[in-house]
Amino acid sequence: MIEKIKLLSKKYYPKIKELRHQIHMHPELEFEEENTAKLICECLDEAKIPYKKGIAKTGVLAMIEGKKSSNAKCVLLRADMDALPVEEETNLDFASKIKGKMHACGHDGHSAALVGAALILNELKDEFEGCVKIMFQPAEEGSGGAKPMIDEGILENPKVDAVFGCHLWGALLKGTAQIVSGEMMAGVDVFDLEFIGKGGHGAHPHTTIDPVLMSARFINGVQSIISRRLAPTEAGVITIGCVQAGTTFNVIPQNAILKGTVRYLNEQSQKLLQTNIQKMAEAVCLEFGGSFKLDYKREYPPLINDKNAASIARKAFAKVLKEEAIITEAKPDMGAEDFAFLTRERMGAYVFVGISKDLDNPVLHHNPKFCFDDEELEILMQGESLMALEFLSS
Ligand SMILES: [Zn+2]
Ligand SMILES: [Zn+2]
């Protein structure tokens with residue numbers, strides 16, 4: 001089968017490369033991926049692959065049905081379509097034509113290559129049993145398009161048994177793929193915390209409740225949750241990325257606002273971090289007076305690869321690359337990925353595919369110079385098609 005897939009990927013490569021360039025030249029931010037979805041749907045139309053569009057605004061779900069069988073399975077492959085608010089500085093001849101927007105994370109490649117996998121699987125549909133759903137989602141970078149697509153029922157009718165996805169990855173060498181089992185990427189929460197004090201003259205602090213000092217105490221104290229509450233063997237991050245208070249040197253302001261992000265690898269750690277952030281804010285108010293408002297939101301859950309799905313993905317990529325090119329052990333990355341909503345619902349695996357030529361000088365995601373070679377598209381097309389087929393025949 002791998003030989004057939006390699007031949008078909010050669011056949012479709014020029015088309016998929018052109019599609020990547022088109023998507024790259026016209027980047028669209030989260031939930032605005034109208035043109036990207038249109039380009040994808042045109043390719044699906046041409047191959048007569050049925051699909052539904054407009055799911056969670058711009059999402060597309062295509063379906064390729066293989067041979068019917070009573071115990072046939074259904075597998076889902078997923079790509080993300082959104083770009084970033086970054087001004088491109090690559091000098092590529094297909095660089096972004098839209099000012100201030102760029103595909104700086106490789107989602108142009110993910111989308112184009114998944115169209116390629118759909119075209120390959122469509123040609124092979126008389127040779128496998130079961131069905132493949134192909135998911136193009138909006139908004140991976142921020143608000144998350146996977147969850148609303150799941151809420152619109154993409155995992156049902158027919159019921160999806162397993163999910164697979166890939167990300168082109170700058171921290172890995174070209175020609176390698178990383179497929180771990182278990183914890184892979186972090187869960188992410190965000191919070192807005194407002195300390196409400198009592199404003200007044202900077203020379204008469206005893207007549208005020210100083211929210212700047214309250215914030216300072218909180219910012220210092222909150223790191224002790226990581227160092228003294230969370231077990232040293234567990235991973236966790238609390239970052240305060242934004243502090244806003246006051247207007248001038250001699251006025252103690254009424255309030256101060258902090259914005260932060262929290263990362264963790266399991267639900268137990270999540271609970272511990274959230275509870276203690278709340279307690280730390282309470283403790284600060286007990287010490288200084290004043291009050292606080294905490295708006296704490298859970299964003300993406302941790303991304304956990306299923307053991308069996310990871311082994312199917314390894315088998316597939318070992319055929320596309322080489323057995324020795326598959327990295328099976330790696331520390332989790334504390335970044336987040338909304339593919340996690342899919343692996344929370346169904347068994348699944350997420351694959352990092354290497355794009356860097358030199359790890360001392362790796363390709364940086366979200367950087368204005370981010371880029372990857374077109375030839376990686378073939379690795380994705382082949383790996384994705386084969387993961388689907390390996391699962392359906394497992
Ligand atoms: Zn990204
Ligand atoms: Zn990304």
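These exercises walk through cysteines, a loop residue, aromatic rings and charges in a predicted model.

**Exercise 1. How many disulfides does the structure hold, and how far is the sulfur of Cys43 from the closest cysteine sulfur?**

Step 1. Set the cut-off: a disulfide needs two cysteine sulfur atoms within 2.5 Å.
Step 2. Take Cys43. The closest cysteine sulfur belongs to Cys41, and the gap is 9.3 Å, so the two are too far apart for a bond.
Step 3. Turn to the whole structure. The count of disulfides is zero.
Step 4. Add the surroundings. Cys43 is buried, at 9% relative accessible area. Cys105 is buried too, at 6%.

**Exercise 2. Where is Ala203 found, and is Ala203 buried or exposed?**

Step 1. Find the element. Ala203 sits in the loop between β9 (200-201) and α5 (211-229).
Step 2. Check the surface. Exposed means over 50% relative accessible area. Ala203 has 52%, so Ala203 is exposed.
Step 3. Look across the chain. Ile252 is 49 residues from Ala203 in sequence, and their C-alpha atoms are 9.1 Å apart.

**Exercise 3. Classify the ring pair of Tyr300 and Phe341, and place both residues.**

Step 1. Start with the total. The whole structure has eight aromatic pairs.
Step 2. Read the geometry of one of them. The ring centres of Tyr300 and Phe341 are 5.8 Å apart and the planes stand at 75°, so this pair is edge-to-face.
Step 3. Place the partners. Tyr300 belongs to strand β13 (residues 291-300) and Phe341 to helix α8 (residues 340-345), so the pair ties together parts 41 residues apart in sequence.
Step 4. Check burial. Tyr300 is buried at 6%. Phe341 is buried at 8%.

**Exercise 4. Classify the ring pair of Phe339 and Tyr350, then find the cluster that holds them.**

Step 1. Read the geometry. The centres are 4.8 Å apart and the planes are at 25°, so Phe339 and Tyr350 are stacked.
Step 2. Place them. Phe339 is in the loop between β15 (326-327) and α8, while Tyr350 is in strand β16 (residues 347-356), eleven residues away.
Step 3. Check burial. Phe339 is buried at 0% relative accessibility. Tyr350 is buried, also at 0%.
Step 4. Widen the view. Ring pairs join Trp169, Phe339, Tyr350 and Phe352 in a cluster.

**Exercise 5. Which rings do Arg20 and Lys73 lie over?**

Step 1. Take Arg20. Its charged end sits over the ring of Phe372, 3.7 Å from the ring centre.
Step 2. Take Lys73. Lys73 lies over the face of Phe391, at 4.7 Å from the ring centre.

Notes: Residues numbered from 1 in each chain as written. Chains lettered and ligands numbered in written order. Predicted model: local features only at pLDDT ≥ 70, side-chain atom pairs only at ≥ 80, totals over all residues. Heavy atoms only, no water. Buried < 20%, exposed > 50% of the residue type's maximum accessible area, 1.4 Å probe, protein only. Helix = DSSP H or I, 4+ residues; strand = E, 2+ residues; numbered from the N terminus. Phe/Tyr/Trp six-rings, centres within 6.5 Å; stacked < 30°, edge-to-face > 60°. Lys NZ or Arg CZ within 6 Å of the ring centre and 35° of its normal.
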